[in-house]
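I opened this model to look up its helices, its core, its ring pairs and its charged contacts. The entries below follow the order of the lookups.

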Amino acid sequence: MNLEIPNEHIKHIIDAYKKKIEYDHERYHNKIKNDPELMEKRRELARQHYKNNKDKKKEYYQKNKEKLRLHGLARYYKDDLNKLKQRYPLEYDLMIEYHIIPHHQIPNLPSPIPQPTSPSSPH
């Protein structure tokens, strides 16, 4: 069984795909997007979705309040993690635990105790 497709056929398939994408794009932006009936229908669906899921959204924010606050702190101090660690040490540890701050961004602080060097031989 030979599964090879000639190059002309592949080119035809690609051209047909590009034409379909262009046609769909033009059709959406020129006909569908600005249709007043469809716009009103979408708005009504959005309103219904909002009304039906209001409690779910509120519950989500109450449940994840602490993580969302930590994300905000991480964004605010993203350029100066040392300052974040000094001002909010407990939150910093939680951010690392929750993987809010990726491990490759954790600053390498100099250790307060100097590392011993290998002893030089007196011989």
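**Entry 1: rings.** I began with the pairing rule: rings of Phe, Tyr and Trp (its six-membered ring) pair if their centres lie within 6.5 Å. I note here that the model is predicted. With that rule, ring pairs link Tyr 76, Tyr 77 and Tyr 88 into a cluster. I then searched the whole structure, and the search gave three aromatic pairs.

One of them is Tyr 60 with Tyr 61, where the ring centres are 5.5 Å apart and the planes stand at 70°, so I logged the pair as edge-to-face. The cut-off for that label is an angle over 60 degrees. Tyr 60 is partly exposed at 42% relative accessibility, and Tyr 61 is partly exposed at 43%.

I also logged Tyr 76 with Tyr 77, an edge-to-face pair with 4.9 Å from centre to centre and 80° between the planes. Are these two rings' residues buried or exposed? Tyr 76 is exposed, with a relative accessible area of 65%. Tyr 77 counts as buried because its relative accessibility is 7%, and the limit for buried is under 20%.

**Entry 2: overall layout.** I counted the secondary structure next and found six helices and zero strands. Read from the N terminus, the order of elements is α-α-α-α-α-α. The chain has 123 residues, and buried residues make up 11% of them. I looked up the exposed area as well: the chain exposes about 11,800 Å², with 55% of it supplied by carbon and sulfur atoms.

For contacts, I took those with a separation of 6 or more; residues 24 or more positions apart account for 33% of them.

**Entry 3: nonpolar core.** Which residues make up the largest nonpolar core? I listed 10 residues: Leu 70, Leu 73, Ala 74, Tyr 77, Leu 81, Leu 84, Tyr 92, Met 95, Ile 100 and Ile 101. At least two residues of this core come from each of helix 4 (65-76), helix 5 (81-87) and helix 6 (89-97). Helix 4 gives the largest share, with three residues. Tyr 77, from the ring cluster in Entry 1, is also a member of this core.

I then checked what Met 95 touches, leaving out residues up to four places away in sequence. The list is Leu 70, Leu 73, Ala 74, Leu 84, Ile 100 and Ile 101.

**Entry 4: nonpolar surface patch.** I looked for nonpolar side chains at the surface and noted a patch of about 240 Å² made by Ile 5, Ile 10 and Ile 14. Where does Ile 5 lie relative to helix 1 (7-32)? Ile 5 is in the segment before that helix. Ile 5 is partly exposed, with 46% relative accessibility.

**Entry 5: salt bridges.** My count came to six salt bridges. I wrote up three pairs, given below.

In helix 1, I found Asp 24 and Lys 20 four residues apart, which means that about one helical turn separates them. Their side chains meet in a salt bridge at 2.8 Å, N to O. Asp 24 is partly exposed at 32% relative accessibility, and Lys 20 is partly exposed at 48%.

Arg 47 appears in two of the pairs I wrote up. With Glu 40, Arg 47 forms a salt bridge whose closest N and O atoms are 3.7 Å apart; the limit for a salt bridge is 4 Å. With Glu 44, the closest N and O atoms are 3.1 Å apart. Arg 47 and Glu 44 both sit in helix 2 (residues 36-52), three residues apart, about one turn of the helix. Salt bridges with shared partners join Glu 40, Glu 44 and Arg 47 into one network.

I also looked up how exposed the members of this network are. Glu 40 is partly exposed at 38% relative accessibility. Glu 44 is partly exposed, with a relative accessible area of 35%. Arg 47 is partly exposed too, at 37%.

Technical notes:
Residues are numbered from 1 along each chain as its sequence is written. Side-chain values use heavy atoms; hydrogens and water are left out. A nonpolar core is a set of buried Ala, Val, Leu, Ile, Met, Phe, Trp, Tyr and Cys residues joined through side-chain atoms within 4.5 Å. Buried means under 20% relative accessible area, exposed over 50%, partly exposed in between (1.4 Å probe, protein chains only). Contact means heavy atoms within 4.5 Å. Patches are made of residues with over 30% relative accessible area and no salt bridge: like charges are joined within 9 Å, nonpolar side chains (Val, Leu, Ile, Met, Phe, Trp, Tyr) within 5 Å. Accessible areas come from the Shrake-Rupley method with a 1.4 Å probe; for residues, only the protein chains shown count as cover. Rings of Phe, Tyr and Trp (its six-membered ring) pair if their centres lie within 6.5 Å; planes under 30 degrees apart count as stacked, over 60 as edge-to-face and the rest as tilted.
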